[in-house]
Structures are given as structure tokens and as C-alpha cells.
Amino acid sequence: MTVFEILGTLLIGPLKLLFEIIFTIANKIIGNEGISIIFLSLAVNFLVLPLYKRADELQAEERDIQARMASRIKQIKHTFKGDERFFMLQEYYRINHYKPIYALKSSFSLLLQIPFFIAAYNLLSNMKSFQGMPFGFIADLGKEDAMFMIGNFPVNVLPILMTLINIISGIIYTKGHPLKAKIQ
């Protein structure tokens, strides 16, 4: 058994079952698959909210540490070159009990969200009840949206819209943060 199969069995499978229960209950109450998908999306976001919060806390801690050390690091980088700079920075980090790799620990809680999204995707992409079901401007929830064609290539508007919404929310969320934090 591979690592991915073990993860699928222990983590993604139970999450998929949970999401199926949430979707089924929402669909029985609401009676519309499209709105039930939106409800499931909100439920998944509420489930990963503690992970978002922890990632934000870790990023804030990292920004504080880097802000505290910034002036001395700038001085070292301005004063020293080459190996001297490298060793001075390493020593400064050691004195402050800091390792540059610590900047990645804020990404860990974001990585923990991936199984949630894989489980939701697996559930929704394999639902037969979506076949032929219209919702709003989407003619069939069981197929790609393919709103228009460019030559023989169908253009799916929903993934483009999702990407734009994520970019805009990222810009709004990181307003006032340094470039390094925005990139992370």
C-alpha cells in the first residue's frame, strides 16, 4: 500500500463521507443541487477556518521576528560580502534562535487544507445526480461550463472567475504587508 493510498483511506475517505453527508442533508432541506454545492463550499470553508487562522498567526509571528531583526540584517548585508556575509547572518540567526526555514512553517497549515479540497473535489466530480441538472447560467452541472469557444477550444469561465476572485482577495488581504509576505 502506497503513502497516497494510506492518506486516501485514513484522511480523504472520511472527509469525503462527511462532505457527502453535508451535501445530502443540504440537498434534502434546500432541494437544489446548485445551492447545495454552495452550502457545501461554505461548510468546507468553515471547517478549514481554524487552519486559516493558525496560518495567519504563524505569518504574523514570522513578520514580527523579521521586523525585529531587519535593521541588523540590513546592516550586515550592507557591511559584509560573500562568505563573510553568509557566516555573519548565520551567526546572527543562531544568536536569535532563528532559522530562515521557519518562514515556511506558516505554509504548513495551508498544506493541511489540501485533503479537504481533494475530498470535496472527489465527491463533487463523481456525483451522477449532476448530469443534465441546470443551475443558473450553467446548462449542465455534470459537465464543464464551456461558456464559449476559441476556435475548437472550449473556455471554462468558472475556473477563470475563481482564480480572479482569489487574486483579488489576496490583494485585499495582503494590503499593507511587505512584498515578501504578499508573495507568500
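A residue is called buried when its relative accessible area is under 20%, exposed when it is over 50%, and partly exposed in between. The exercises below use a predicted model.

**Exercise 1. Classify the two residues of the aromatic pair F86 and F87 by exposure, and state the geometry of the pair.**

Step 1. The structure contains three aromatic pairs. F86 and F87 form an aromatic pair with ring centres 5.4 Å apart and 70 degrees between the planes.

Step 2. Planes over 60 degrees apart count as edge-to-face, so the pair of F86 and F87, at 70 degrees, is edge-to-face.

Step 3. F86 has a relative accessible area of 45% and is therefore partly exposed.

Step 4. F87 reaches 54% relative accessibility, so F87 counts as exposed.

**Exercise 2. Determine how α1 and α2 are oriented to each other, and describe their contact.**

Step 1. Helix α1 covers residues 3-30, and helix α2 covers residues 33-79. Their axes are 9 Å apart, and the packing angle is about 135 degrees.

Step 2. This angle makes α1 oblique to α2. The crossing of α1 and α2 is right-handed.

Step 3. On the α1 side the contact is made by L18, F19, I22, F23, A26, N27 and I30. On the α2 side the residues are E33, I35, S36, I37, F39, L40, A43, V44 and L47.

Step 4. Sorted by class, the contact of α1 with α2 has 13 nonpolar, two polar and one charged residues.

Step 5. Take I30, a residue of α1. Apart from neighbours within four places in sequence, I30 touches I35, S36 and F39. With a relative accessibility of 37%, I30 is partly exposed.

**Exercise 3. Work out the orientation of α2 to α3, then sort the residues of their contact by class.**

Step 1. Helix α3 spans residues 82-95, and its axis lies 10 Å from that of α2, at an angle of about 160 degrees.

Step 2. Angles over 145 degrees count as roughly antiparallel, so α2 and α3 are roughly antiparallel to each other. Their crossing is right-handed.

Step 3. From α2 the contact takes R68, M69, R72, I73, I76 and K77. From α3 it takes R85, M88, L89, Y92 and Y93.

Step 4. These residues of the contact of α2 with α3 comprise seven nonpolar, no polar and four charged.

**Exercise 4. Do the same for α2 and helix α5.**

Step 1. Helix α5 runs over residues 114-125. The axes of α2 and α5 come within 10 Å and cross at roughly 165 degrees.

Step 2. α2 and α5 are therefore roughly antiparallel to each other, and α2 passes α5 in a right-handed crossing.

Step 3. I37, L40, V44, L47, V48, L51 and Y52 of α2 meet F116, F117, A120, L123 and L124 of α5.

Step 4. The contact of α2 with α5 has 12 nonpolar residues, and no polar or charged ones.

**Exercise 5. Describe the backbone and the surroundings of H97.**

Step 1. The phi of H97 is near 55 degrees, a positive value in a residue other than glycine.

Step 2. Most residues other than glycine have a negative phi.

Step 3. H97 sits in the loop between α3 and α4, the latter being residues 105-111.

Step 4. The relative accessibility of H97 is 69%, so H97 counts as exposed.

Notes
Residues numbered from 1 in each chain as written. Predicted model: local features only at pLDDT ≥ 70, side-chain atom pairs only at ≥ 80, totals over all residues. Heavy atoms only, no water. Axes fitted to C-alpha atoms, helices over the stretch in contact; angles between N-to-C directions. Helix = DSSP H or I, 4+ residues; strand = E, 2+ residues; numbered from the N terminus. Parallel < 35°, antiparallel > 145°, perpendicular 65-115°, else oblique. Left-handed = near helix turned anticlockwise from the far one by under 90°. Contact = heavy atoms within 4.5 Å. Nonpolar A, V, L, I, M, F, W, Y, C, P; charged D, E, K, R; others polar. Phe/Tyr/Trp six-rings, centres within 6.5 Å; stacked < 30°, edge-to-face > 60°. Buried < 20%, exposed > 50% of the residue type's maximum accessible area, 1.4 Å probe, protein only.
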